[in-house]
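Let's take a walk through this protein together, from its overall make-up down to a few single residues. Please have the sequence and the 3D view open as you read.

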Amino acid sequence: MLRAYVALVLLGIIWGTNFIYMKWATILISPSQTVFLRVLFGFLPLLVIAIYTRAINRQQLRYLPHFTVMSVLATTLYYYGFVAGTALLPTSIAGLLSGSIPIFTFLASIIFLREEQPTKRMTLGIILGFLGIILSARPWESTQEIPLMGIVWMIVGTLSVGCSFVYARYFLSPLNLPPVALATWQSGIATLTLLLLTDFDHITAITSDIRKRPLNPMPIF
């Protein structure tokens, strides 16, 4: 039991500091460049593990359309929404809004998975969570510190990854693929997509000293 709690605390620290690093990165480079580097350096170790464990093979290419959809929903659009939102918002608000992922997963499962029947307790929990996020973000009081567009990008990211869970449940779970195989294909396709779409001008600025740069985020586009 203690090990489980320690693991949860560590995961919380990793997840929370993630928004701080995204904020720092977008001071130096654009959100799309940040997403590309994030996906690339996530894909490389996954590829090594997948090859070493023989989790991926040519036969899996038949599922390429599903991998492509997952790469958009659970990687490219999801990460871009979070990075673009974090670039505009205080990290505390961005982290708070990321907590809406279960809400959108819940809503998507109700719409697309008929076998998923929510209980009254689940519904009440989702409603309270949604109200808490709205009261904290206060989108009706959009200011320079908390711009509405930042909130929109965070919602886009949470909606995207929420839908990805439902898509994976419906189309990919029956295939019984190794999780590392799906993650490798997904992040690999996302890396290629971002390679084609990202403007790499001044991406090397990520190696510069953030203390010598103005604390203004890069343009979203």
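Accessible areas here come from the Shrake-Rupley method with a 1.4 Å probe. On that basis, the protein exposes about 13,400 Å², and carbon and sulfur atoms supply 70% of that area. Keep in mind that this is a predicted model.

Now for the overall plan. The protein has eight helices and zero strands, so the elements read α-α-α-α-α-α-α-α from the N terminus on, by the DSSP assignment. Of its 221 residues, 38% count as buried. If you look at contacts with a separation of 6 or more, 88% of them join residues 24 or more positions apart.

What holds the interior picture together for us is the largest nonpolar core, which has 26 residues. Those with the most contacts inside this core are F19, V35, F82, L89, L97 and M154. At least two core residues come from each of helix 1 (2-28), helix 2 (31-52), helix 3 (64-88), helix 4 (91-97), helix 5 (101-112), helix 6 (120-137), helix 7 (148-172) and helix 8 (179-197). Helix 3 gives the largest share, with five residues. To see the core from one side chain, select F19: beyond residues up to four places away in sequence, F19 touches F82, T86, T91, A94, G95, S98 and M154. There is also a second, separate core of ten residues, and F67, L177, W185 and I189 are among them.

Next, find S71, which sits in helix 3. Is S71 buried or exposed? S71 has a relative accessible area of 1%, and because buried means under 20%, S71 is buried. Leaving aside neighbours within four places in sequence, S71 is in contact with T76, Q186, I189 and A190.

Helix 5 invites a quick check with a ruler. At 1.5 Å a residue, its twelve residues should span 16 Å, and the end C-alpha atoms are 16 Å apart, so the two values agree. Within helix 5, the buried residues are I101, I103, F104, T105, F106, A108 and S109.

Finally, turn to the outside. M1, Y5, L8, L11 and I14 form a nonpolar patch on the surface, and together they have about 640 Å² of accessible area. Y5, a residue of helix 1, has a relative accessibility of 51% and therefore counts as exposed, the cut-off being over 50%.

Key:
Residues are numbered from 1 along each chain as its sequence is written. This is a predicted model: local features need pLDDT of at least 70, side-chain atom pairs count only at pLDDT 80 or more; totals for chains, interfaces and linings use all residues. Side-chain values use heavy atoms; hydrogens and water are left out. A nonpolar core is a set of buried Ala, Val, Leu, Ile, Met, Phe, Trp, Tyr and Cys residues joined through side-chain atoms within 4.5 Å. Buried means under 20% relative accessible area, exposed over 50%, partly exposed in between (1.4 Å probe, protein chains only). Helices (H or I, at least four residues) and strands (E, at least two) are DSSP runs, numbered from the N terminus. Contact means heavy atoms within 4.5 Å. Patches are made of residues with over 30% relative accessible area and no salt bridge: like charges are joined within 9 Å, nonpolar side chains (Val, Leu, Ile, Met, Phe, Trp, Tyr) within 5 Å. A salt bridge is a side-chain nitrogen of Lys or Arg within 4 Å of a carboxyl oxygen of Asp or Glu. The expected span of a helix is 1.5 Å times one less than its number of residues.
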